[in-house]
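Good morning, everyone, and thank you for letting me take a few minutes of the meeting. I would like to walk you through one structure, slowly, beginning with a single pair of residues and working outwards from there.

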Amino acid sequence: MATASYPPDLKYHEEHDWARIEGETATFGITWYAQDQLGELVFFDPPAVGATVRRGDPYAEVESVKAVSDVIAPLSGEVVEVNEALASGPEAINDDPYDGGWMVKVRLSDVSEVESLMDAAAYEDSLT
Amino acid sequence: MAAETDTLRRTPLHDRHVAAGAKLVPFAGWEMPVQYQGIRAEHTAVREHAGVFDVSHMGQVETAGSGAEALLQRLLSNDVARIAEQGAQYSVLCEERGGVLDDLFTYRLAPDRFLTVTNASNHARDFAWFERHAAGFDATVHDRLDDFAMLAVQGPRARALVAGLAARELPRRFHTAELTVAGVPDVLVCGTGYTGEDGVELLVAPGAAGAVWDAVVAAGAEPVGLGARDTLRLEACFHLYGNDLSEDRNPIEAGLGWCCKEDTGFVGAEAVRAARAHGTAERLMPFAVTGPGIARQGNPVLGGGVVTSGTLSLTLGYAIGLAYLPVERTEPGTPFEIDVRGKTRAAEVRAKPLIPEER
């Protein structure tokens, strides 16, 4: 995706992560801004299904050619699914950060944490 | 961040990098392009066609006078007497214990005049080292950093591309010549590079660098940043000072014994002679990661040793690197494991270069 976009139906964490909330589960990924800063991603190291993630803590790693970076969980819970397609095609995170580039699905342990996240407009404001 | 950027030096090509959409990063006190369109595309351009790098951050030291050869013979590890006029030679600069201060190319411009190209991060220290040792030699040492911008044009098509802009035939590999290039007189053209491809490096007056850059780009060379420079050099197994070389490693364990001629009596020669005779505990070897993951600088090798450079090879499609390994485990094909941020990753010792020379 060549130009910045921040879908209004997602919630955003200050460490440049998004969450798509569907009842008590959420899908996580990184924002357009994050993938643009990191450059072409060449490796995604996911957590195990069943792993516990905690809001604000790293749960996965992404690597560009140059460097490795932690991916921060926007919310707490248990990983119920991992995007297996990223193992062979991590470039989906660059090309399609909000759909094909999703990283994990998490069963939330505390749905009220969602209130701590930003909406798209607030997140976009935080980038300038 | 702005304050930090304000203190960084800029090359004469800075405005062109900005206009080309480059991502600029601090590097050894300079603000340098790390990538333009993307590391993968730039890497591929150099492997398949031609790319041009701004390497104006690299330094130059000129050594001149009837004692210039004797001074350089004292400083540089290789046999300086063997550099023909218009020739080039790779060597390391050692301190007394044999630790590596820098790795360098030296060009003999005239019988008693040499130009040595330094790494940006080491230039000030190198120049001070040259000056300190010049006493007693009939030679003068000049800091030429501000007199040159430097462009590297690299790739299978690079030489033909530059030849089309040059007034005369280009120097052959490991040679140098002063030529008019793109209408700019007295460009020092050197048949050297840092990518594992054929090509040339162009040392040009800063004020004329833009004209040469523009002509090279117009002739079809892709601008390439330091990001791809690192993946290219690592595939070719060229050392990077600060990663694979340091004052704490001697050239023997770094696999650079081939450019050390101890009988010339260079500073550190006796330490290097001892290391060669008695062997070293570790040796720098290329490796490939055989499973998932990318090993990086500083990752420990299980059972001893350390990764000094690591990246994804964009040519091969798997992770590669250089690591100091215990000498008894340096045979190509030997499996070993690396602690990559708490995860054990499988790797295998490889021979150099990591990419085949004929592709």
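Let us begin with V61(B), whose bridge partner in strand 7 of chain B is T116(B). Please keep in mind throughout that we are looking at a predicted model. That one pair belongs to a longer arrangement, in which strand 4, residues 59-64 of chain B, and strand 7, residues 113-118 of chain B, run antiparallel to each other and are joined over six bridges.

If we now step back, we find that five strands of chain B make up an open sheet, in the order 5-6-7-4-8, with antiparallel pairing. Which strands lie at the edges? They are strand 5 (88-94) and strand 8 (140-143) of chain B, each of which pairs on one side only. From one strand to the next, the twist averages 30°.

Next come the helices that meet this sheet. Helix 4 of chain B packs on the sheet, where it touches strand 4, strand 5, strand 6 (100-110) and strand 7 of chain B, and its direction makes about 130° with that of strand 4 of chain B. Helix 5 of chain B, residues 123-134, lies across strands 4, 5, 6, 7 and 8 of chain B, and runs at about 15° to strand 4 of chain B.

Within helix 4 of chain B, which covers residues 68-75, I would like to pick out L71(B). Is L71(B) buried or exposed? With 24 other C-beta atoms within 10 Å, where 20 or more is the cut-off, L71(B) counts as buried. Setting aside the neighbours within four places in sequence, L71(B) is in contact with T63(B), H133(B), A134(B), F137(B) and A139(B). By contrast with those contacts, I83(B) is twelve residues from L71(B) in sequence, and their C-alpha atoms are 14 Å apart in space.

Let me turn to another helix of chain B, helix 8, residues 226-235, which is largely enclosed by the rest of the structure because eight of its ten residues are buried. Among them are G227(B), R229(B) and L232(B). The buried residues of this helix pack against strand 2 (30-35), helix 3 (39-48), strand 3 (51-54), strand 15 (306-312) and strand 16 (319-326) of chain B. Just after helix 8 of chain B, C237(B) takes a positive phi of about 65°.

Finally, a word about the two chains together: eight residues of chain A are in contact with eleven residues of chain B. On the chain A side of this contact, there are four nonpolar, one polar and three charged residues.

Key: Residues numbered from 1 in each chain as written. Chains lettered and ligands numbered in written order. Predicted model: local features only at pLDDT ≥ 70, side-chain atom pairs only at ≥ 80, totals over all residues. Helix = DSSP H or I, 4+ residues; strand = E, 2+ residues; numbered from the N terminus. Buried ≥ 20, exposed ≤ 12 C-beta atoms within 10 Å, placed from the backbone. Contact = placed C-beta atoms within 7 Å. Pairing = 2+ DSSP bridges. Axes fitted to C-alpha atoms, helices over the stretch in contact; angles between N-to-C directions. Nonpolar A, V, L, I, M, F, W, Y, C, P; charged D, E, K, R; others polar.
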